[in-house]
Amino acid sequence: MFFRNLGNGSFEELIEEAGPGVSAAHCSRGCAFGDFDNDGDIDVLIVNLSEAPSLLRNDVSGNNHWLKVKLVGTKSNRSAIGTRVLARYGRKIQAQEVLSQSSFYSASDRRLHFGLGWETSADLEIHWPSGMRESLKGVTANQIVVVKEGMGIVSDKKSVKG
């Protein structure tokens, strides 16, 4: 199944629009989400039973902005499992948490992906498992940032798109 969030509390089904990677019949057991090609959008890897996995590359172009955050714990666990991040941009807030798994036989990208729409920056509030809180103001969109616990942004990388 493949749905688009319409932003008004409802979704529309997009089986045919999603292409043969979704509409073709497979016996599948899990999927992982992540930016496999580091271009700023989320791709999907589907684990199929007794056949090769299916990689659904998201190559839709557009003018929306994004921010990807990789967290590294120092006092908390190094993988930052359990860290919660709030991204504030415009009048919106998104919350995400670093998890160790996400689906049967699958583990998604630990980097947190925030779609920012037309906004070109976001304020981040990071709640580490150790109890430490960090605030990062005006983080520029369309990049991957690495945040180390207690040290703020230690690395950034623009997307391969620009």
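In this predicted model, a polar atom of the side chain of serine 76 lies 2.9 Å from the backbone nitrogen of serine 130. Serine 76 sits in the loop between strand 6 and strand 7, and because its relative accessibility is 10%, under the 20% limit, serine 76 counts as buried. Apart from neighbours within four places in sequence, the residues in contact with serine 76 are Trp128, Pro129, Ser130 and Glu149.

The loop that holds serine 76 follows on from strand 6 and leads to strand 7, and strand 6 is itself mostly covered, with 7 of its 8 residues buried. Strand 6 is joined to strand 9 by 5 bridges, the two running antiparallel, and leucine 67 stands opposite phenylalanine 114 of strand 9. With strand 12, by contrast, strand 6 runs parallel, and 6 bridges join the two; here leucine 71 has valine 147 of strand 12 as its bridge partner. As a general matter, strands of a sheet pair through backbone hydrogen bonds, in either a parallel or an antiparallel manner.

Several of these residues return in the largest nonpolar core, which has 20 residues, and in which Leu67, Val69, Leu71, Leu124 and Val147 touch the most other members. The elements that give two or more residues to this core are strand 6 (65–72), strand 7, strand 9 (112–117), strand 10 (121–127), strand 11 and strand 12 (143–148). In soluble globular proteins, nonpolar side chains tend to be buried together. Leucine 124 can serve as a point from which to inspect the surroundings: not counting residues up to four places away in sequence, leucine 124 touches Leu67, Val69, Val85, Leu86, Ala87, Glu134, Ser135, Leu136 and Val139.

Strands 7, 10 and 11 also belong to an open sheet of 4 strands, whose order is 8-7-10-11 and whose pairing is antiparallel. Its edge strands are strand 8 (92–97) and strand 11 (133–140), each of which pairs on one side only, and neighbouring strands of this sheet are turned against each other by 20 degrees on average, direction ignored. Within the sheet, 6 bridges join strand 7 (residues 84–89) to strand 8, and these two strands run antiparallel; arginine 88 stands opposite isoleucine 93 of strand 8.

Another open sheet consists of 3 strands in the order 3-4-5, again with antiparallel pairing. Strand 3 (28–34) and strand 5 (54–56) stand at its edges, and because each has a single partner strand, one side of each is left without a neighbour in the sheet. From one strand to the next, the twist averages 20 degrees. Strand 4 and strand 5 run antiparallel and are joined by 3 bridges, and leucine 45 has leucine 55 of strand 5 as its bridge partner.

Strand 4 (residues 43–48) also contains asparagine 48, which counts as buried because its relative accessibility is 6%. What does the side chain of asparagine 48 reach at 3.0 Å? It is the backbone oxygen of alanine 52 that the asparagine 48 side chain reaches at this distance, while a polar contact of 2.7 Å joins the side chains of asparagine 48 and serine 28. When neighbours within four places in sequence are left aside, asparagine 48 is in contact with His26, Cys27, Ser28, Pro53 and Ser54, and among these Ser28 is part of strand 3 (28–34), whereas Ser54 is part of strand 5 (54–56).

Terms used:
Residues numbered from 1 in each chain as written. Predicted model: local features only at pLDDT ≥ 70, side-chain atom pairs only at ≥ 80, totals over all residues. Heavy atoms only, no water. Buried < 20%, exposed > 50% of the residue type's maximum accessible area, 1.4 Å probe, protein only. Polar contact = N/O pair within 3.5 Å; in protein donor to acceptor, adjacent residues only side chain to side chain. Contact = heavy atoms within 4.5 Å. Pairing = 2+ DSSP bridges. Axes fitted to C-alpha atoms, helices over the stretch in contact; angles between N-to-C directions. Core = buried A, V, L, I, M, F, W, Y, C linked by side-chain atoms within 4.5 Å.
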